[in-house]
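Here are a few short exercises to work through with the model open in your viewer. Try each task before you read its solution.

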Amino acid sequence: MAQVAADIEELYLFSRNLRDMAQELSDNYAQLRNQMIRVDDTWRDQDNREFMEDFMRQADLIFRIAEHMEEYGQFIHKKADALQLYRDTRM
């Protein structure tokens, strides 16, 4: 690494926050999705079918976003580890 220009603690904090947000997003949306499935059991009309299809498509997108946030968090954490190791060996 030619030059280290990052606040390692901020990288760790950002990584942790990304991963926490990903987990919360997944958990909360899973609860809503389960609740929507229960609602679907009693709501039977054309509006319901269209709504459910759209809702499930959007749910899949939200879960993918959460997965990406987790991956980004892991990437940032690894970067911070590498920077910390580099700084430790330079001292």
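We're in a predicted model here, and we start inside one helix.

**Exercise 1.** Work out how far apart along helix α2 Arg 57 and Asp 54 sit, in helical turns.

*Solution.* Arg 57 and Asp 54 are three residues apart in helix α2, so about one helical turn separates them. Next, check the charges: their closest N and O atoms are 3.4 Å apart, and the cut-off for a salt bridge is 4 Å, so this pair counts as one. Asp 54 has a relative accessible area of 35%, which makes Asp 54 partly exposed.

**Exercise 2.** Find which salt bridge ties together parts that are 51 residues apart in sequence.

*Solution.* The structure has three salt bridges to pick from. Try Glu 70 with Arg 19: their side chains meet at 3.3 Å, N to O. Glu 70 belongs to helix α2 and Arg 19 to helix α1, so this is the pair we want. For solvent exposure, Glu 70 comes out at 25% relative accessibility and Arg 19 at 30%; Glu 70 is partly exposed, and so is Arg 19.

**Exercise 3.** Decide whether Ser 15 is buried or exposed, then find what its side chain reaches.

*Solution.* Locate Ser 15 in helix α1, residues 8-40. Its relative accessibility is 1%; buried means under 20%, so Ser 15 is buried. Now follow the side chain: it gets to the backbone oxygen of Gly 73 at 2.6 Å.

Notes
Residues numbered from 1 in each chain as written. Predicted model: local features only at pLDDT ≥ 70, side-chain atom pairs only at ≥ 80, totals over all residues. Heavy atoms only, no water. Helix = DSSP H or I, 4+ residues; strand = E, 2+ residues; numbered from the N terminus. Buried < 20%, exposed > 50% of the residue type's maximum accessible area, 1.4 Å probe, protein only. Polar contact = N/O pair within 3.5 Å; in protein donor to acceptor, adjacent residues only side chain to side chain.
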